[in-house]
Amino acid sequence: MTQAEKEQDNGKEKDKERDKEKEKEQQRGVKRPIAPPTIPDPLQEQIQSNFVVVIHPGSRTLRIGRATDTLPLTIPHVIARRHKQSGQPRYEDAWLLREGLNKPESNEQRQNGLKMVDQAIWSKKMSNGVRRTPVSAEQARAYNCQIRPAVLDSSSRVKWTNTAHHPPHLVGEEALHVNPSDCYNIHWPMVRGQLNVHAGPGGSLTAVLADLETIWSHVIQKQLDIPLKDLKYYRCILLVPDIYNRQHIKEVVNMLLLNMGFSAIIVHQESVCATFGSGLSSACVVDVGDQKTSLCCVEDGVSHRNSRLCLAYGGSDVTRTFFWLLQRAGFPYRDCQLSSRLDCQLLQHLKEIFCHLDQDISGLQDHEFQTRLPESPALLYQVRLGDEKLEAPMGLFYPTTFGIVGQKMTSLQYRSQGDSEDPHDEHYLLSTQSKQDQSSKSAADRKAVSRPGGGLDGEMRGMKGEMELGPAQGECLMGAGEVEEPLSAHLSRKTAIMSQFESKALGLDKAILHSIDCCASDETKRKMYSSILVVGGGLMFHGAQEFLLHRIINKMPPSFRRLVDNVEVITRPKDMDPRAAFVW
């Protein structure tokens, strides 16, 4: 008998013995447990990345593409809508102009800010140990006022958008090049990272959502080559600011699902996406955009709520300040106007090629630039510039230089106001939490109120609609107090301090320190100091990394200088364009 046959006989004998055991158990009345029927696991649908569309809407630029694309499409986030009636007054959203610039105090504030900038430039030595020699604007002005342009070509070869077929709307570059004499209104649907809802024409929430839908649908259909009827097979990733209007995001999500027809959507915060897109697990994310600068500390993929901060200035404010400095230096292009779309484009370009944050570059230097406008010859200008190229971007660290008066310049994280259409909103969850949670929360509130210096966190959570700050943020704003005060007096004092805080514009370096200081533990703060990630296009100046690093090290608390081994500022993560570092 072979070995295989022996093993087969042994197996049969074991089966017989097992059957005999079962018969004996049944005779004794032993009940064996009944094995539950096996339920097959639901099949997980494989998500194909090329059927995922990523949408990152900015105030000036829309970035959109498939998740598999190396880089997103980048187009101006603007739409031109044809007038419905003849003789309708023309309306255009401002580009570089904004509210708060024409106040009586604006010019004085701008001059004071410039004095602080010049003092900072002089106080920091160059790499050779020598202080910079200030260059007077009058030195450049004497030369620039004599300059006359040279004609390069009798035709600029730039044309206005052809509207002879009366399209109902135009998007992106076509909208930017609509002739001002044509019967179109120009709308930018987002401003400072939020929906551009205002009292003027096209400023209602419905109109803004319709503009977003038209722009996004046009780009998806014409440039991504995805028929709108096929969006039911696609999923969408929508990137939103860290501090957002919950109701507006809800409306945008409804528009994407119900109107445009995406099968599913996920909403991600920009700061979290920036860390993953840059290959980092934790970082203090500094997003310098065109119109706003947002800061947030992200640790292991979680955005720390108390560290969120939004500053109401960005790259366009630097551009406008640069134009003011150019005019002061006798800018030879005399017809340049901030109300002209094409001139705004030119000024943005000049800022990008001329401005820097390298203090080793000093003295007067000669430059040249071209103007190419429709129905005009192509012209070449010479221009001589000195410290203007450094002073303009330093406005990000001394925001009074922007001359903005009477506007809310700093935003903190608000608690949700609740949603009447959502029966399980935040207020419902708070009111139905367990008695134990409520009692412990009340005890924490009483303890917080008894300590005026660090008691904002409990009070904020207990007050409907108020801003929520962490203990560290409370200490930053309130300061330490020794005398106990009544709750009403404490709350009114807190409201006044909060209002004063929001009306002031923090410089970029101070805002970074404030955001990191609002983290809960020293270990988290140490992580943030060792990984300050700068994204967005507003700080893409030569020398920006070294300049920001120097200011952070000089201003960080002395106690952390000993704890932090290495302060690092990352401006080009993985050598990629910081404007596209969020997902792609």
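**Exercise 1. Find the bridge partner of valine 54 in β2, and place the strands around this pair.**

Solution. In β2, valine 54 has glycine 65 as its bridge partner. The model is a predicted one, in which local features need pLDDT of at least 70 and side-chain atom pairs count only at pLDDT 80 or more, while totals for chains, interfaces and linings use all residues. Residues are numbered from 1 along each chain as its sequence is written, and side-chain values use heavy atoms, with hydrogens and water left out.

Step 1. Strand β1 (residues 52–57) pairs with strand β2 (residues 61–66) in the antiparallel sense over 5 bridges. Strands pair if DSSP finds at least two bridges between them. Strands (E, at least two residues) and helices (H or I, at least four) are DSSP runs, numbered from the N terminus.

Step 2. The pairing of β2 with β3 is also antiparallel, over 4 bridges. Here leucine 62 stands opposite isoleucine 75 in β3. With 6 residues between them, β2 and β3 form a hairpin.

**Exercise 2. Give the strand order of the open sheet of 5 strands, and name the helices that pack on it.**

Solution. Step 1. The order is β3-β2-β1-β10-β11, and the pairing is mixed. At the edges are β3 (73–76) and β11 (264–269), each of which pairs on one side only.

Step 2. On average, neighbouring strands of this sheet are turned by 20 degrees against each other, direction ignored. Axes are lines fitted to C-alpha atoms, for helices over the stretch in contact, and angles run from 0 to 180 degrees between N-to-C directions.

Step 3. Helix α6 (residues 246–259) packs on the sheet and touches β1, β10 (235–240) and β11; its direction makes about 150 degrees with that of β11. Helix α7 (residues 270–277) also packs there, touching β1, β10 and β11, with an angle of about 85 degrees to the direction of β11. Contact means heavy atoms within 4.5 Å.

**Exercise 3. Describe the largest nonpolar core and the surroundings of leucine 539.**

Solution. Step 1. A nonpolar core is a set of buried Ala, Val, Leu, Ile, Met, Phe, Trp, Tyr and Cys residues joined through side-chain atoms within 4.5 Å. Buried means under 20% relative accessible area, with a 1.4 Å probe and protein chains only.

Step 2. The largest such core has 80 residues, and Val286, Leu357, Met394, Ile512, Ile532 and Leu539 have the most contacts inside it. Helix α8 (residues 315–328) gives the largest share of this core, 6 residues.

Step 3. Leaving aside neighbours within four places in sequence, leucine 539 is in contact with Val288, Leu357, Leu396, Leu508, Val534, Ala544 and Leu548. Another core, of 30 residues, lies apart from the largest one and includes Val171, Leu195, Leu209 and Val219.

Step 4. Helix α16 (residues 508–517) is mostly covered, as 8 of its 10 residues are buried. Among these are Leu508, Ile512 and His514.

**Exercise 4. Determine how many disulfides the structure has, and explain why cysteine 297 and cysteine 519 are not bonded.**

Solution. Step 1. A search of the whole structure finds 0 disulfides. A disulfide is a pair of cysteine sulfur atoms within 2.5 Å.

Step 2. The closest cysteine sulfur to that of cysteine 297 belongs to cysteine 519; because the distance is 3.6 Å, the two are too far apart for a bond.

Step 3. Cysteine 297 is buried, with a relative accessible area of 0%. Cysteine 355 is buried as well, at 4%.

Technical notes:
Buried means under 20% relative accessible area, exposed over 50%, partly exposed in between (1.4 Å probe, protein chains only).
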